[in-house]
Amino acid sequence: LDIGPVDQLPALGARTLPVQGGEEIAIFRTANGQVYALINKCPHKHGPLSQGIVHDTTVTCPLHNWRISLLTGEALGEDKGCVPVIPVKID
């Protein structure tokens with residue numbers, strides 16, 4: 001799926017990409033310009049990760065403050081759960 005130019009992604013933010021017949025994807029851009037993609041659902045209560053706060057290579061879910069690794073999709077700290085990671089290729 002082509003998401004367009006990387007510079008259109010907000011630094012320290014995200015945008016969503018609907019997927020016909022599939023789960024919505026959240027595409028994140030970190031402060032240093034790295035781009036990551038996850039399914040847009042927190043593993044806890046399915047909060048919209050795209051609306052969370054990006055810190056380094058994590059995003060904090062806006063519902064209950066779970067921190068999710070943008071690298072692995074794993075919940076960090078004492079929280080347990082995982083969200084699928086979508087591979088990203090920048091041309």
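Which residues in the largest nonpolar core touch the most other members? Before answering, I should say that we are looking at a predicted model.

The core comprises 21 residues, and those touching the most other members are Ile27, Phe28, Leu38, Leu49, Val59, Ile68 and Leu70. Strands S2 and S3 each contribute at least two residues to this core, and S3 gives the most, with five.

Let me take one of these residues, Ile68, in more detail. Beyond its neighbours within four places in sequence, Ile68 is in contact with a list of residues that includes Leu38, Leu49 and Val59. The contacts of Ile68 also include Cys42 and Pro43, Thr57 and Thr58, and, further along the chain, Gly73, Glu74, Ala75 and Val83.

I turn next to Asn40. This residue sits in the loop between S3 and S4. Is Asn40 buried or exposed? Its relative accessibility is 7%, and Asn40 therefore counts as buried. What does the side chain of Asn40 meet there? One partner is the side chain of Glu24, with a polar contact of 2.8 Å between the two. In addition, a polar atom of the Asn40 side chain lies 3.0 Å from the backbone nitrogen of Leu49, and Leu49 is one of the core residues I named at the start. Setting aside neighbours within four places in sequence, the contacts of Asn40 are Thr16, then Glu24, Ile25 and Ala26, and finally Gly47, Pro48, Leu49 and Ser50. As for Ile27, its C-alpha atom is 8.6 Å from that of Asn40, the two residues being 13 apart along the chain.

Now to the largest pocket. Its volume is about 330 Å³. Of the 17 residues lining this pocket, Leu1, Asp2, Ile3, Val88 and Lys89 are the closest to its centre. Strands S2 (25-29) and S3 (35-39) each supply at least two residues of the lining. By class, the lining is made up of 13 nonpolar residues, three charged and one polar.

Finally, two backbone conformations deserve a remark. Asp56, in the loop between S4 (53-55) and S5 (58-60), has a phi near 50 degrees, a positive value in a residue other than glycine. Asn65 is likewise not a glycine, and its phi is positive at about 65 degrees; this residue lies in the loop between S5 and S6 (67-69). Where do these two residues stand in accessibility? Asp56 is exposed, with a relative accessible area of 66%, and Asn65 also counts as exposed, at 57%.

Methods: Residues numbered from 1 in each chain as written. Predicted model: local features only at pLDDT ≥ 70, side-chain atom pairs only at ≥ 80, totals over all residues. Heavy atoms only, no water. 1 Å grid on protein atoms, 1.4 Å probe; cavity = no way out; pocket = protein on both sides within 12 Å on 5 of 7 lines; lining within 4 Å. Points joined across faces, edges and corners; volume = space filled by probe spheres on them. Helix = DSSP H or I, 4+ residues; strand = E, 2+ residues; numbered from the N terminus. Nonpolar A, V, L, I, M, F, W, Y, C, P; charged D, E, K, R; others polar. Buried < 20%, exposed > 50% of the residue type's maximum accessible area, 1.4 Å probe, protein only. Core = buried A, V, L, I, M, F, W, Y, C linked by side-chain atoms within 4.5 Å. Contact = heavy atoms within 4.5 Å. Polar contact = N/O pair within 3.5 Å; in protein donor to acceptor, adjacent residues only side chain to side chain.
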